[in-house]
Amino acid sequence: MADKVTMPVEATHIMMFARSVNDDNQVYYDADHAAKTEVGHILPPPTFYRSVAQFDPDYFLRPKVGEKWFGSAKGPSGIDEKPASSGGLHAEQHFEYHHPVKPGDVLTVTTRDGEKWEKVSARAGKLMFSETIQDYHNQDGLLVVTSRSVGVKTERPVDQG
């Protein structure tokens with residue numbers, strides 16, 4: 001991911017994200033309903049902030065015009081062979097909410113490395129964990145969300161026996 005990405009927050013993005021995760025809470029799309037809440041405006045769903053990847057030109061799962069793409073299906077993606085595995089898995093995702101975000105905000109997201117640690121597994125050998133931390137600041141420079149993602153890579157393929 002790029003070190004710094006700008007993410008505009010639009011009401012339609014919030015509504016479509018909520019629909020994609022099958023959450024019909026009116027606070028995500030109905031301004032009149034949201035105005036009667038404690039916050040007083042439309043709010044994004046809790047995991048909305050992961051959609052920052054769609055604003056990152058370097059995001060590896062983002063299709064690029066004229067390039068073969070590893071998508072969700074063999075034929076439409078343009079890649080006929082099985083893609084190589086990185087041996088990595090997304091293990092955890094955490095969010096810390098500092099200040100409410102609303103439609104019209106423009107978030108600047110900076111990415112930094114967090115901690116790294118290792119454990120040993122009888123089935124996969126050494127497990128190498130690493131954190132990626134993203135800080136989301138609004139257009140006023142206020143820190144609104146911090147996310148922490150934990151990935152794990154295995155020393156060898158998991159023993160199926």
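**Exercise 1. The nonpolar core**

Task: In this predicted model, find how many residues the largest nonpolar core has, and say which of them have the most contacts inside it.

Solution: Start with the core as a whole, which in this predicted model has 19 residues, and in which Phe48, Tyr49, Leu107 and Tyr136 have the most contacts. Next, ask which elements give two or more residues to this core; these are β1 (4-8), α1 (11-20), β3 (106-121) and β5 (143-154). Among the contributions, the largest share, three residues, comes from α1. Then look at a second, separate core, which has five residues, including Leu127, Phe129, Val150 and Val152. As general background, nonpolar side chains in soluble globular proteins tend to be buried together.

**Exercise 2. One residue of the core and a pocket**

Task: List the residues that Tyr49 touches, not counting residues up to four places away in sequence, and then describe the lining of the second largest pocket by class.

Solution: With the close sequence neighbours set aside as the task asks, Tyr49 touches Pro44, Phe95, Tyr97, Val101, Leu107, Tyr136 and Val145. Tyr49 is also one of the residues that line the second largest pocket, and the lining includes Pro44, Tyr97, Val101 and Val145 as well. Other residues of this lining are Tyr28, Leu43, Pro45, Pro46, His99, Pro100 and Val144. Sorted by class, the lining has eleven nonpolar residues, one polar residue and no charged residues. The space in this second largest pocket comes to about 200 Å³.

**Exercise 3. Two loop residues**

Task: Decide whether Ser51 is buried or exposed, do likewise for Asp105, and then describe the polar contacts of the side chain of Ser51 and of the side chain of Asp105.

Solution: Begin with Ser51, which lies in the loop between α2 (31-35) and α3 (74-77). Its relative accessibility is 17%, and because buried means under 20%, Ser51 counts as buried. The side chain of Ser51 reaches the backbone oxygen of Phe48 at 2.6 Å, and, when residues up to four places away in sequence are not counted, Ser51 touches Met7 and Phe17.

Now turn to Asp105, whose place is in the loop between β2 (88-97) and β3. Asp105 counts as buried because its relative accessibility is 2%. A polar atom of the Asp105 side chain lies 3.0 Å from the backbone nitrogen of Lys102, and the side chain of Asp105 also makes a polar contact with the side chain of Gln139, at 3.0 Å. Gln139 appears again among the residues that Asp105 touches beyond four places in sequence, together with Met7, Pro8, Val9 and Pro100.

**Exercise 4. A positive phi**

Task: Say what is notable about the phi of Asn22, and work out whether Asn22 is buried or exposed.

Solution: The phi of Asn22 is near 60°, which is a positive value in a residue other than glycine. Asn22 is found in the loop between α1 and α2. Since its relative accessibility is 72%, Asn22 counts as exposed.

**Exercise 5. Two residues of strand β4**

Task: Work out how Ile133 and Thr132 are classed by accessibility, and list their contacts beyond four places in sequence.

Solution: First, Ile133 lies in strand β4 (residues 125-137), and Thr132 is found in strand β4 too. Ile133 counts as buried because its relative accessibility is 11%, whereas Thr132, at 31%, counts as partly exposed. With neighbours within four places left aside, Ile133 is in contact with Thr110, Thr111, Arg112, Gly114, Thr146, Ser147 and Arg148, while Thr132 is in contact with Thr111, Arg112, Ser147, Arg148 and Ser149. Finally, compare sequence with space: Ile133 and Arg112 are 21 residues apart in sequence, and their C-alpha atoms are 5.3 Å apart. For Thr132 and Gln93, which are 39 residues apart along the chain, the C-alpha atoms are separated by 9.7 Å.

**Exercise 6. The whole chain**

Task: State how many helices and strands the chain has, and give the pattern they follow along the sequence.

Solution: The chain has three helices and five strands, and, read along the sequence, they follow the pattern β-α-α-α-β-β-β-β. Of the 161 residues in the chain, 28% are buried. Lastly, among contacts between residues at least 6 apart in sequence, 62% join residues at least 24 apart.

Key
Residues are numbered from 1 along each chain as its sequence is written. This is a predicted model: local features need pLDDT of at least 70, side-chain atom pairs count only at pLDDT 80 or more; totals for chains, interfaces and linings use all residues. Side-chain values use heavy atoms; hydrogens and water are left out. On a 1 Å grid over the protein atoms alone, a cavity is a set of points where a 1.4 Å probe fits but cannot get out, and a pocket is an open set with protein on both sides within 12 Å along at least five of seven lines; lining residues have an atom within 4 Å of a point. Grid points are joined across faces, edges and corners, and a volume is the space filled by probe spheres set on the points. Ala, Val, Leu, Ile, Met, Phe, Trp, Tyr, Cys and Pro count as nonpolar, Asp, Glu, Lys and Arg as charged, and the others, Gly among them, as polar. A nonpolar core is a set of buried Ala, Val, Leu, Ile, Met, Phe, Trp, Tyr and Cys residues joined through side-chain atoms within 4.5 Å. Buried means under 20% relative accessible area, exposed over 50%, partly exposed in between (1.4 Å probe, protein chains only). Helices (H or I, at least four residues) and strands (E, at least two) are DSSP runs, numbered from the N terminus. Contact means heavy atoms within 4.5 Å. A polar contact is a pair of N or O atoms within 3.5 Å; within protein, one must be able to donate a hydrogen and the other to accept it, and residues adjacent in sequence count only if both atoms are side-chain atoms.
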